[in-house]
Amino acid sequence: MKKAVHKITITTTDVVLDGKPLDVTCSGSSILTELYRKYVNDYPKYFKMDILCKLGFIATELLLQTEGKVRFEPCENRAVVFFNRSSSLHADKSFESNISNRGNFYPSPAVFVYTLPNIVTGEIAIRNKYYGETNFIVIEKRDEDVFENIIDGVFTDNMTTSVVTGWLEAESEAEFNAEIYIIEK
Amino acid sequence: MIKKIADNITSPLGFTTADNYKAVCEGKSCLKRYEGKWKLPEPFVASLFQEGLIEDWFSSKIHTDKIYTRFEKMVLLSATKAIEESGIDASSERTIFILSTTKGNVSLLERNLCGVDDDRVLLGVMANVISHHFGNTNIPVVVSNACISGLCAQIVAKRCLESGKYDNAIVIGADEQSPFIVSGFLSFRALSSELCRPFSKNRNGLNLGEAAATIIYQHCDNLIDGWQAVKGAIRNDANHISGPSRTGEGCFRALKYVMTDEVVSNDIAVVNVHGTATVYNDEMESIAISRAGLSDTPINGYKGYYGHTMGAAGVLESILSMKALDDGLILATRGFDEIGVTHPVNISNKIRHTNKKTFIKLLSGFGGCNAAMLFNRR
């Protein structure tokens with residue numbers, strides 16, 4: 001039987017960790033930077049990330065701090081699998097505006113790389129030295145059955161004993177929400 | 001276990017698996033140099049459908065009043081052909097659609113299409129349009145895990161079928177080329193301005209390609225004959241978001257995981273590599289293959305025929321490898337000349353014969369992800 005051992009929700013106005021609301025003064029994307037400054041503050045790569053990565057990164061950082069285990073030890077038994085609706089649409093639109101004027105054509109690799117939704121799983125794997133499974137699933141709308149079906153499948157990999165997973169949606173800098181869990185076998 | 005019951009490859013080389021296989025055996029490719037295409041300032045080499053070809057095939061093969069994008073037409077052409085061959089009921093609640101794509105309908109951002117809602121750029125919405133075309137009401141899943149999506153989708157399919165929830169999984173991998181994708185790869189300086197040369201000394205980048213490919217898997221308790229997807233794994237390098245690990249960490253770990261106790265390296269006919277022909281990818285794969293003890297096992301790659309077809313690659317390249325082994329063949333690595341990786345690998349530069357019936361497919365992608373899958377024929 002698999003169980004969620006920790007849960008975080010982040011919206012543009014509220015953060016709730018294991019049922020307890022955290023004090024935040026900012027709203028919108030500033031809420032993520034506020035959380036970064038208060039709880040992380042040692043990973044300047046954060047500032048290069050797009051909104052989807054920032055959201056996934058911060059949510060995972062807070063979950064892992066709450067989990068309280070030894071961190072940054074290489075491991076292969078933790079998977080990172082997220083779900084959403086908009087994929088990387090926010091970054092896609094930025095990149096499209098980068099290239100739409102061919103007379104003034106400066107495609108940026110730093111923007112292009114975030115036009116893949118799974119980059120956030122890579123960012124988390126790098127930060128935490130996770131060599132396990134990473135995947136990104138896009139569906140039309142949130143659905144608990146799909147979620148459960150996919151996560152049950154992730155645990156059929158014999159190496160996997162836990163997964164950081166959940167809904168990670170960032171339509172724009174102003175519209176995002178995350179509901180992320182640590183689930184154990 | 002799961003058994004492959006039908007497949008299709010829709011690419012610039014042909015609209016059936018048989019046509020594609022024949023073209024590849026004959027050493028053909030549609031890779032060519034484009035200058036000024038889409039008003040892009042730099043030339044590039046790609047394997048693209050001839051203008052209007054998808055639209056013509058679609059209107060002759062599929063009768064519908066609905067409006068579909070060019071990308072969706074590619075997907076529907078491939079899926080329709082495979083579904084017809086399989087004889088399954090695609091509308092059944094015991095059938096699930098699993099799509100693999102990186103960018104889907106992203107070209108709608110540049111130019112919208114009359115009669116197609118803007119939200120079709122969303123992968124889940126697009127996938128619903130596809131599954132509804134076949135009357136299927138299950139929620140379709142889109143795997144968007146960069147360039148390894150095509151294997152991840154097959155891994156997800158295997159798990160869905162083995163859980164007992166579904167009888168059939170229709171796995172469709174597809175990507176169309178567009179100014180968006182070409183510009184992105186140009187910005188990374190990852191594209192070669194010549195035909196790509198996988199694993200070669202003078203390789204200098206990849207070529208892009210477009211295709212759609214479909215594999216239909218069915219759950220079975222006992223495989224009497226045919227192909228099964230035995231075991232798959234996804235592993236991360238935990239190293240860099242846009243460059244592979246110097247130790248081939250994720251690729252090596254995925255390889256090790258799928259090399260089960262029942263399969264020794266001597267049973268493996270071929271490892272079909274990712275082989276994009278970028279300096280770093282091919283070097284990384286040689287390290288992973290060597291670390292996994294597969295230096296003597298034949299390896300081959302298909303990017304010299306198709307370019308990098310992204311979301312389609314894992315599906316297309318798995319199908320071609322099965323088809324070749326059905327004929328006892330290991331296909332040649334088009335574009336390869338002189339070995340240019342530091343770790344020893346046994347690259348197939350011409351068609352070889354084998355009586356082995358097992359192969360491994362490898363892929364690696366941005367985000368540090370890697371996938372391996374072991375296939376076996378009874």
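Student: In what order do the helices and strands of chain A run from the N terminus on?

Tutor: The elements of chain A run β-β-β-α-α-β-α-α-α-β-α-β-β from the N terminus on, which amounts to six helices and seven strands; helices (H or I, at least four residues) and strands (E, at least two) are DSSP runs, numbered from the N terminus. This is a predicted model, in which local features need pLDDT of at least 70 and side-chain atom pairs count only at pLDDT 80 or more, while totals for chains, interfaces and linings use all residues. Residues are numbered from 1 along each chain as its sequence is written, chains are lettered from A and ligands numbered from 1 in the order in which they are written, and side-chain values use heavy atoms, with hydrogens and water left out.

Student: What does the radius of gyration say about chain A?

Tutor: The radius of gyration is taken over C-alpha atoms, and the globule rule is 2.2 Å times the number of residues to the power 0.38. For chain A the radius is 16 Å, close to the 16 Å that the rule gives for 185 residues, so the chain is as compact as a globular protein of that length. Its C-alpha trace spans about 55 × 35 × 30 Å along the principal axes.

Student: Which residues of helix α1 of chain A are buried?

Tutor: Buried means under 20% relative accessible area, exposed over 50%, and partly exposed in between (1.4 Å probe, protein chains only). An α-helix has 3.6 residues a turn, so residues three or four places apart point the same way. In α1(A), residues 30-39, the buried ones are A:Ile31, A:Leu32, A:Glu34, A:Leu35 and A:Tyr36, and their cover includes β1 (3-10), β2 (15-17), α2 (51-67) and β7 (175-184) of chain A. After α1(A) comes A:Asn41, whose phi is positive, near 65°.

Student: How do α1 and α10 of chain B pack?

Tutor: Axes are lines fitted to C-alpha atoms, for helices over the stretch in contact, and angles run from 0 to 180 degrees between N-to-C directions. Helix α1(B), residues 17-25, packs against α10(B), residues 313-326, at an angle of about 75°, with the axes 10 Å apart. The two are therefore roughly perpendicular to each other, a label given to angles of 65 to 115 degrees. In this contact (heavy atoms within 4.5 Å), B:Thr17, B:Ala18, B:Tyr21 and B:Val24 meet B:Ile319, B:Leu320, B:Lys323 and B:Ala324.

Student: Is B:Ala82 buried or exposed?

Tutor: B:Ala82, in helix α3 (residues 70-86) of chain B, is buried, with a relative accessible area of 0%.

Note on methods
Parallel < 35°, antiparallel > 145°, perpendicular 65-115°, else oblique.
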